[in-house]
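Thank you all for coming; before I start, please bring the model up on the screen so that we can look at it together.

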Amino acid sequence: MISQYVDDELSLDEKKDFDSHIESCASCREGLEETRALHRLFASAQRFPAPYGFATKVLANLEEKEGSRLRSLLSVRPFFLRAAQVTFALVVMTIGIISGNLLLAERTDPIGQTAVQETFSLDLFQATPPDSIGGIYNTLMRPSHER
Amino acid sequence: MTKRFKGNDLSEFEALICKYQDRVYNLCHYMVRDPQDAQDVFLKAYRHLKDFRPGASLYTWLYRIAVNTCLDYKRKSRREAFRSEPLSEDLPSGEGSPHQLYESRKIAESIQLALQKLPQKLRAAIVLREIEELSYEEIAEVLHTSVGTVKSRISRAREQLRHLLKKI
């Protein structure tokens, strides 16, 4: 109650009650005087304003910290980008394989299906067909009894 | 005003620092006597601007960050509990003769010494009341507590300070 009285935080009725109480209560009077003295002591104590250039220092500190935070974010980003690129490539390949198989399965004519299979088959691949320069060279270099 | 800070505009933030730097710096001095904490308060404030509710009071929000920063300072025990050397780097505030300035400085040091011996919650309440001159309602808002609790904390803090300052 004494604290609130000193801080002027009592209602009018409470204040009146307290005023009449301290007239008859020596201990509360003493407490009130000590609290007032403490309040005066705080009021007379030095205040510490921010030094000159404080705001500039804070902003410089802020820019430095935010900059390092941004840099750390950027150093992480390429990893995510790489992971995204690899995932995208895998997805494209999978879609290609599946759609290719589906197209092949849809072909009803066995000749056409065989033709497609032969097109992709490595068994039919000739590195030096007889008509090419390599083929002619091979023929010439072969022993005569083999020709 | 706070809506403009949503984009974390540094020039607007600088205006905020300039407006509240003295109050925050002074509060940190009486709470922990470390000016570095005043810088930390504004750095935290900048990062948490998005959490600020437009209806709330800007200075009570800043005070809350300041008090929490000072309390964290103690919890982490980053630095020594209390430095008793004079604060030669701070310029005296206010006007008056050199003798008056010297006296006010000595009083401040005695108060700071006594404050360090108070429990943290009591210290925060009494500093906000006596140093920052906030009302009980504002203190309750800053400390996220009821006005009744604030009354009790201030009363207990004063009682303890009366005894502590008699000894000092």
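I will go through chain A, the contact between the chains, the core and two helix pairs.

This is a predicted model, in which local features need pLDDT of at least 70 and side-chain atom pairs count only at pLDDT 80 or more, while totals for chains, interfaces and linings use all residues. Residues are numbered from 1 along each chain as its sequence is written, and chains are lettered from A, with ligands numbered from 1, in the order in which they are written.

Let me begin with chain A, which has 6 helices and 0 strands, where helices (H or I, at least four residues) and strands (E, at least two) are DSSP runs, numbered from the N terminus. Its elements run α-α-α-α-α-α from the N terminus on. Of the 147 residues in chain A, 9% are buried, a residue being buried if 20 or more other C-beta atoms lie within 10 Å of its own, exposed if 12 or fewer, and partly exposed in between, with C-beta atoms placed from the backbone.

Turning to the contact between the chains, 26 residues come from chain A and 34 residues from chain B, and two residues are in contact if their C-beta atoms, placed from the backbone, lie within 7 Å. On the side of chain B that touches chain A, two or more residues are given by each of H1, helix H2 (35-47), helix H4 (98-115), H5 and helix H7 (147-167) of chain B, and H1(B) gives the most, with 9 residues. That side of chain B divides into 17 nonpolar, 8 polar and 9 charged residues, where Ala, Val, Leu, Ile, Met, Phe, Trp, Tyr, Cys and Pro count as nonpolar, Asp, Glu, Lys and Arg as charged, and the others, Gly among them, as polar.

Which residues touch the most other members of the largest nonpolar core? Of its 49 residues, they are Val24(B), Leu27(B), Cys28(B), Ala66(B), Ala125(B), Val127(B) and Ile139(B), a nonpolar core being a set of buried Ala, Val, Leu, Ile, Met, Phe, Trp, Tyr and Cys residues joined through C-beta atoms within 7 Å. Helix H4 (54-106) of chain A is among the elements that each supply at least two residues of this core, and H1(B) gives the most to it, with 10 residues.

Now to the helix pairs, beginning with helix H1 (residues 10-31) of chain B and helix H5 (residues 120-131) of chain B, whose axes come within 10 Å and cross at roughly 135 degrees. Axes are lines fitted to C-alpha atoms, for helices over the stretch in contact, and angles run from 0 to 180 degrees between N-to-C directions. H1(B) and H5(B) are therefore oblique to each other, since angles under 35 degrees count as roughly parallel, over 145 as roughly antiparallel, 65 to 115 as roughly perpendicular and the rest as oblique. Asn26(B), Leu27(B), Tyr30(B) and Met31(B) of H1(B) make this contact with Arg123(B), Ala124(B), Val127(B) and Ile131(B) of H5(B), and these residues divide into 6 nonpolar, 1 polar and 1 charged.

The second pair joins the two chains: the axes of helix H3 (residues 26-44) of chain A and H4(B) come within 8 Å and cross at roughly 120 degrees, which makes H3(A) oblique to H4(B). Here Leu41(A), Phe42(A) and Ser44(A) of H3(A) meet Ser104(B), Ile107(B) and Ile111(B) of H4(B), a set with 4 nonpolar, 2 polar and no charged residues.
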